Structures are given as C-alpha cells and as structure tokens.
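Reader: I'm new to this one. Could you take me on a close look at a single part, the empty space inside?

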Amino acid sequence: MNKNNILYSLLTLTLLFAVIRVKSQESNIISNLTITPQSLEHNPALFLEGKAGYVGFPLLSSINVSASIPWNMKQMLSPSADGSINLSSTNIYNMMKENNVIATNVNIDIIRFGFKAWSKGYVHVSVSERISALVNIKKNTLGFFLLGNGSDEYLGKEVNMSNSGISQNAYTEIALGYSQKIGKSLTVGGKFKYLIGQTNVNTNKSNLTFYTDPTTYAVTAKTDILINTSLPFANNDFYFSDLFANNGIAFDLGATYSLFDNKLKLQASIVDLGYIKWKANTETYRSIDGGGEFVFDGFNISVEDMLDESGANGLINTLLDSIEQLGVETVVGNKYTTRLDTKFYAGASYTVVKGLDVSGLFRMEFDNKFNNYSLGVALTYKPAKWFNLSVGNTFSSISALGLGAGFAINGGAFQFYLMADQISGFTFETIKSANVRFGINFVIKEKDKIAQASKRAKKESEENM
Amino acid sequence: MRKITLISLLVLFTFVVSCSKYDFNDVNINYDGEWAVPIISSRLDFGDLSNTDSDVMHYDEDGFIRLIYRGNNIGSYYLGDILKIPPQQSSTRLDFSIPPIPFDPGVDIPLLKIPITIPFQLDENMMDARLDKVVLKEGILRINPLFAEEPHGISVKSMTITIDNLIGVNGSPAVLVVVPGRDNYIDMNGCTLKMPTNELNINIDMQLNKPYTYPYMGQDCSLLFYFEMNDIKYKEIRGYLGNIQATYADTIYIHLFDKSVGGNITIPMFKAELNIKSSIGASLGIYEQCFKAVARGNKPDMVITGLPQSVVIKKPAVEHGFSDVTVTLQSQSLSKAISDMYEKFAFEYMIKLNPEHTEENYVFDDSMIDMEVDFEIPLSGSLESVVFADTMRLDIPEVEMLNKLVVNTNMTNNFPLGVKFQIYFLDENHKPIKYPNGTVATLFPLIEPLIVPAAVGSDGKVIAPSNKITTIEISSEAVQTLKNTMYISLVAIIDSEGYNGNKQIKLYNTGYFDVKIGMKVKADISVNSNDNY
C-alpha cells in the first residue's frame, strides 16, 4: 500500500468517524494550520515558517465566532408519535448538569501583520476585538424554578444556588510580539498586550441558599452577592472617552524545542496573563454587611384580619419590605479589576511521513470560576507549502468527544482559511456548540537562498559554457 | 482506494445532512412545578380570639383572666330630658268701660288699670306639680294687644304690662312697655317665675288719648291679648314636681359570644350589678318593664326573671350631690342566659319621680340620673361543644392550572381548649357546594380536631403546650368544583379539657395559640403553540 492509499484511508476513516454525533467544545484545529499567522496565537515563540512576513486583510484576517449551550434540542424536546414536540419542566431538569454553561465568543482581527527581523527573529503586531459572554446556571438555580420549592427534590432541604452568574467582557487588544530562534532547536518568544476595555459584567460572588420548612413551608433565603459592571450605555451620561478609560495589560510567553532533525517539536506557552482595570461607568451590586437573610413564615395577622379578605391588602407590602432584608446595595463609580482568562498550552507534533503530522496540544484555561482543560489530537496533511488540511478531536472537561476540521490554502500571496467544529452531526436537533473561524491573509514568501544560489550557479555554469 | 473514498463520502452525505424531524408548529409546553408558601404565622392570645377590648380584660396576680364589663351604661339622662315646661300660647279678651267725659279739654282720661290672669299649662303628669320657683335661662314672653272694637274717637296713648310673678334680673316684676305695631316681648333669661298656683298674674296700665270730640259719652270696649311663652329652659326649679314618668329602653352586648351558635358554657362565678346614681332633688323609682336575653337566628329569646322589679333611690342629701344605690343582679335565668351564650340583653324600664310620697323637690339643669350595669365574668368554668360560626365572602379564583393543593396547619396550643374545625363552601345563594358525587364540599372529610388541648396540671394551669400538624390535600377535581365558591362558612367547636379529663378549666394570661398555615400547590400548565389566546 503506497502512501497515497494510506492518506486516503486515514481521510476516509476520519470522515466516516465523523458521522457519529459529536460534541466539540474548544477547537485546537487552528494551531495545526501552520501556514496561517493565526496558528501562532497560542504560542508567541512560533514562527511563520518560510514566510518573510504577512499582512492580515483588515477586519477580515480572522473572524471567529463560537457558541455553546449545555444541551441540544433532542435532549430538551421529546417528540411524540404524531410529530409534536413536548417541552416539559421535568425533562429540562433531568437533562441538566451541575453546571450549565451558555457561552459565546466573538474575536475579530482588525489589523494583523508580522515580519522577519534580524535573520532569526520575528515581529508580530495585531489589533483585535475580543467579545465574550457566559452564563453559568447551576442545576439548582434553574431546577428550583422548574420543580418548585415544594417538590420532593427541594422541600425540607437547603438548596444551594451559589455560583450561578453572568460574565461578559469586551475589550480591544493591541499586541506586539517577538520570537527569536536560539541555536538550531530552541525558539522563545513573548508578547506584550495593551488592553482597552469597553464593557464588562463580572459576577464575583453569587451565593444564594434557600430553605423551605417541610411542615410550615416557612422560607429562609440567604444571599451574598457581588457583581461588578462597566456598561457605558447603561446610564444616560455617556461620553465617547469612556470607551478608552478602562485599561489593562497582558503578557504571553512561550518556547518551542525541536528534536530528531525537526521531526519532533515540543512547545509550551502561557497566554493572556493580565488584567483590566475598570473605572468608567461602573456599578457594583453587592450584599450589605456580608450578606442578608430573608425569613418569611407567614403573615402575622389577627383573627379579624384572617376573616376579612381585605385584610390582605397591605400585607403584600409587608412581605416586600421583608425582602429588602436581603440587603443589596448599588454602588456607582466603584473601581475594580478583572483578570483575563489565562491559558497554558503544552504540545507536541511529530512528522510521521513528509507531509503528514500527528499532533497533540494540551490546554488549561484558568477562568475566574472554572478551570477548563482540553486535549486536542489532530492529523494534519501538508502535501505542499500552500495547503494544510487538518482533522482532529478534542477531549475536554466538558465533553469527551469533539471533532473538528479545517484547511488553509495559499494562492500566491493570497491566503484563505476556514475551520469549524462539529463537521458532522450538524443538525438542529443535535448541535450544542459551534466554533467557526475563517479569514484572509497575505503572506510574503521568504526567498529560498539555496535554490537561488543553485540557480545562480547553474546560470553561471551555462554562461561559462 | 479512491473508490473506497467515494463510497465513504456517499455514506457520509447520507448521514451527515439530516433534516430536522421536529414540527415546531406543534409544540406542547408543560410546567408541573410544585410551590410551597407560608401563609399565616400568628400568635393569638385570648384577647385576639375573643375580640375583647383590652380594658375589659383584667388579670389576677397569678394571671387568671376576668372579663369585667364595667360602666356599661344603660341609661344616663338629664332631668331636662324628662321634665320640660311646655310652650304656652293663649289669648284673653278683656272687656272694660271708658266713662263719659264732660266737655273740658283740660281733663285727661283717667289711667285705666286692668288686671288679668293667664293660666299656665303643664304636662299631664305634672298636673299636681307646684312651681314655687323656676329660674329661667332661656325663654321669650310675647304679649301683643289688639282692640276688639275701636272705641269711637279714642286711641291708646301708652300701655305698660307688668307680670307680677315673673321677677326680672333686677328683682322686680317684669315690665313690658307695649308699642303698637311692633313685636312686643320680654327676654326671660335670668328671670324667675313664681307660680305656686300655676297662673301668670298680669297688670295692664293703659293711658288713652283725649277724645276727638267733646263731650264724650262713654263706651264699653274690648281688648284682646295674644300671649306666647316659647323656648322655655330652666336653670333651677323648686317646688313639687309631681309624678313625672318616662320609659326608656337599652341593650347590652357581650361580644365574647358574638359568633356562638350553640353549645354550653358554664361560668359559676359570674356576677352582675346595677349601679344607679341620681342628683335630682326628688326620690326616683325605677321599674323594670322588660329584661330579656336576645339571640340570633332560631334561638328563642329568654325572659330574665328573678331580678328585683323596682328600685327606689332617695333624694340626695345635699344639693348638687348624688345619691346612689347598687342592686345585685343574680338569678338562675340570668346565669342560664350567660351559659347559653346570649350575646345581647335588652332592657326596658320606667323612671318615676316621687314614687312614694310628696316632698319638696329641686332640680337643676345638670341634674341627672345615671344607670350602669357591671358584668364580671371570671374565665373559670367549662365549655361543652361550644359552637362558633361565621360566614365570610371568599372568591376562589378560577384556576385551571392546579394539579393539587395541599394546606398544612401547624397549631401550637397553650390553652386547655380543644378546637374542632370545618369549612363549608357556599355559592352565591349561600347554598353549600357539592362535589359531582353529591357530597357536600368541605375542607376536611370529617370535622377535624385541628387544635388539641394543652396538658393541664392539678392546679388547673397549663403545664405543656400541645402541637398538632394537619395536612389537607385537595385534588384538582375538587379545586375545579370549588371555583363557584362565593362564601365560606367556618365552624369551630370548642371543648374544655382540664386536669384528668375534667371539663373544669381556668384561663390565664399565659394562654396562646400559635397558628402557622402554609400552602403547597402543584401546577399543571399546558400550552400548545396552536392555542388561540
């Protein structure tokens, strides 16, 4: 069996494997499309091999949209024999996990360019807009409203609804990076990022417990919340300068090491080690004195009131006044700092045969509330310097299986790439997440000095002849 | 190899692109959450339960409760309301002669002096009264004369009327100078009437003008006097007032029994007293005309017997002072009326002055008679199947989305009383609502002992509260049946339980009910996208 057959077999198996309904959370495919400048993002030490430089098409060099929900339609809906759909509160509760995350991200490169410098170095410059939003719904938070506090699940038990929350971030990242070859095998690199925050919602603390007495149904709720926001359009006093008032910095650091005549490449990096200070249009919602407690065991009314329905008037106001005991205050102008979601990468790739790489990339993301990790494995076909095709699977803490695929193709200086999660099983009923990225770059090919010298020598030889 | 690839691709396309098999035009959304809310958490003491004012409840040193209805005023009258001097109105014709006058312009017509007597009309029951002295604070005396026949050629020059027994503020008889054509009156404020014979004695001095022609041959004349005395209010009366009588009626309510409709309560130490005070300068007789216990509904009224039929109170020893008398009201029928929990007692009585003999009387404008009944109900006794009932309006909203309704009651009781409870659901015509199977709709299947008596020690005091949790489940079918409810009828049956199961108990101020009521509902909401709203 020749190598072409092997390739075709692998491709076929991969595609066949793709018919399985899959869930993919975080895509590592872009890091395997090594002819694209975007593949360098996860490690500032990486070079764009064979290219003297690159320029991203303004606003179109990288458009990345991703979204994920914790359940798919098939899990939520129960089709009947007659084709109608049943959506029931009990079904929704049963399908929920402990943490149910709804997330969306949009990343757009406004400007991106880079160039080779000082023979062994590479300079990278980029301006990008990064927008993310995440809602985490603890099972008990939504379950409480689906099943009710009088259900067997919650009656007489302390229900912990803590750590549900909303997180939203929008900022502009202006980055300047440099990578340097050291010797034959080692490269190191770093990137400095200046960050300009536009909007932020940060649920720093959201502790909520609820208890319903099984006999009297008296309810006790305890809260301790701290939510910071910076939303320039939330109030009527908006100034354009507010969009530039929230600033921060971040760093990326990385290194790569080649072995076995560059067949084996090891890499490690830390990305987005930084913070943003929020100063403009801030509002903080926080519990007073470390949290409040609301207890309601019924209306305290006289016998006469019990027998007089109009006695209920005004009692509702008494209840609402009691709810104020939860004690949440709003503070305007409070400054706060948020940390970026720092990522740690460690990976390796091995050239099995020329034009075929096997790679693995481990990623650990340090979120404010969660630590997510994933391991991506991929098979990348590089038959020529102008074409990459990569297919792979990502194993993550959220989902065991996540197939993806992508390609990049150069036509002279023009480059187009496209990658996506969930290539197969992309149906409305089964989809839970999608991550699509595409873009256009212009790449400047590095002059092949050996080929040039050989050509020169051949010409001289011909001339001499 | 390429063929395998092509086949794989075909298989892939077969599986990859699958159209949604869901019809999103036909979506059923179901919600069946179950919600529990506390409704009531109240501590009720005896005052809350019995709707008794705090000034009625009195506590002994050990906290034992007595209900003392003190100063329950059944009648308070100023004598001015009983003894009134009626307005007077009469006319008197006076005939007199003018003698012949010879031709002598220098001779005046002599002054005519004419006395008249006008009877003073009093009320029937004062026919033998004697008004020795009546000091007036208000009143108008109007006297207007009119010649019945105009004497020929004669006219009145002046007329002065003196009322001999109406003494003015200057101490002299009141004088009225009559001006023809005007409203002639005397303001009697501050004047004193002295009418031991119930007559007004009036003297008229009349000076006529000289005749137009001489000689004047003389004439018989008549003079009409219109006499009015109105708005007579007195400050003081002395004399003898006769046997003035007045009849009055009043009612006493015992709110403790407001809602009772049956059963038996025994309060052996019940006491009642009638207190009468009078500052009227005359002896008074109070005569019971009627005393009965009045009940609501079909319960018959009960005539209270065995009480004193009359009471005489003497004249006060000093003027502006009071005399008083207290009568103990104790009779078997009164005790039975309390025991049967009549909540209303109606009185009718007659007051009569000078019931026994004639004596000198005096009254002032602030003289009064005041009658009060004091009830003392020590809360010691027994209750046997005492039924309290009430009906109230209650609109149960039409809820089609309830699967089940559960009501939980948690009753902690620190009274030695047990309460059975039931609620009936009534429609707009106050008729009981029935379930489809014909049974009357009630909150409990059987009347429920919702509250259990607290444990009582040998000294009759509660030693430990009781606690009872009751769960009432109402199915969705029952909820649908009850949606026509407009009223509910609450019935509570109370029994006392003392030491060793004895019915005799005492109530102390440490008693209370802790009432906690919660409700749990299970929703059953189904919405279809094709439903019209």
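Author: Here is a walk through the largest cavity, with a short stop at a helix and at chain A afterwards. Keep in mind that the model is predicted.

Let's start with the search itself. Rolling a probe the size of a water molecule over the atoms shows where empty space is left. Across the whole structure, five cavities of 30 Å³ or more turn up, and the largest holds about 210 Å³ of space. Its lining is made of 19 residues. If you want to find the middle, go to chain B and pick out Leu274(B), Ile286(B), Glu288(B), Pro308(B) and Phe347(B), which lie nearest the centre.

Which elements give two or more residues to that lining? They are strand 17 (284-294), strand 19 (310-313), strand 21 (344-353) and strand 23 (368-378), which belong to chain B. Strand 17 of chain B gives the most, with five residues. As for the mix, the lining of this cavity counts 15 nonpolar residues, two polar and two charged.

While you're in chain B, have a peek at helix 4, which covers residues 332-339. Its buried residues are Ser333(B), Leu334(B), Ala337(B), Ile338(B) and Ser339(B). After helix 4 comes Met341(B), with a positive phi near 60°.

Now for chain A. Its secondary structure comes to seven helices and 23 strands, and 47% of its 465 residues are buried. Look at contacts in chain A between residues at least 6 apart in sequence: 69% of them join residues at least 24 apart. On the outside, chain A exposes about 22700 Å², with carbon and sulfur atoms supplying 62% of that.

How values were computed
Residues numbered from 1 in each chain as written. Chains lettered and ligands numbered in written order. Predicted model: local features only at pLDDT ≥ 70, side-chain atom pairs only at ≥ 80, totals over all residues. Heavy atoms only, no water. 1 Å grid on protein atoms, 1.4 Å probe; cavity = no way out; pocket = protein on both sides within 12 Å on 5 of 7 lines; lining within 4 Å. Points joined across faces, edges and corners; volume = space filled by probe spheres on them. Helix = DSSP H or I, 4+ residues; strand = E, 2+ residues; numbered from the N terminus. Nonpolar A, V, L, I, M, F, W, Y, C, P; charged D, E, K, R; others polar. Buried < 20%, exposed > 50% of the residue type's maximum accessible area, 1.4 Å probe, protein only. Contact = heavy atoms within 4.5 Å. Areas by Shrake-Rupley, 256 points an atom, 1.4 Å probe, with all protein chains shown as cover.
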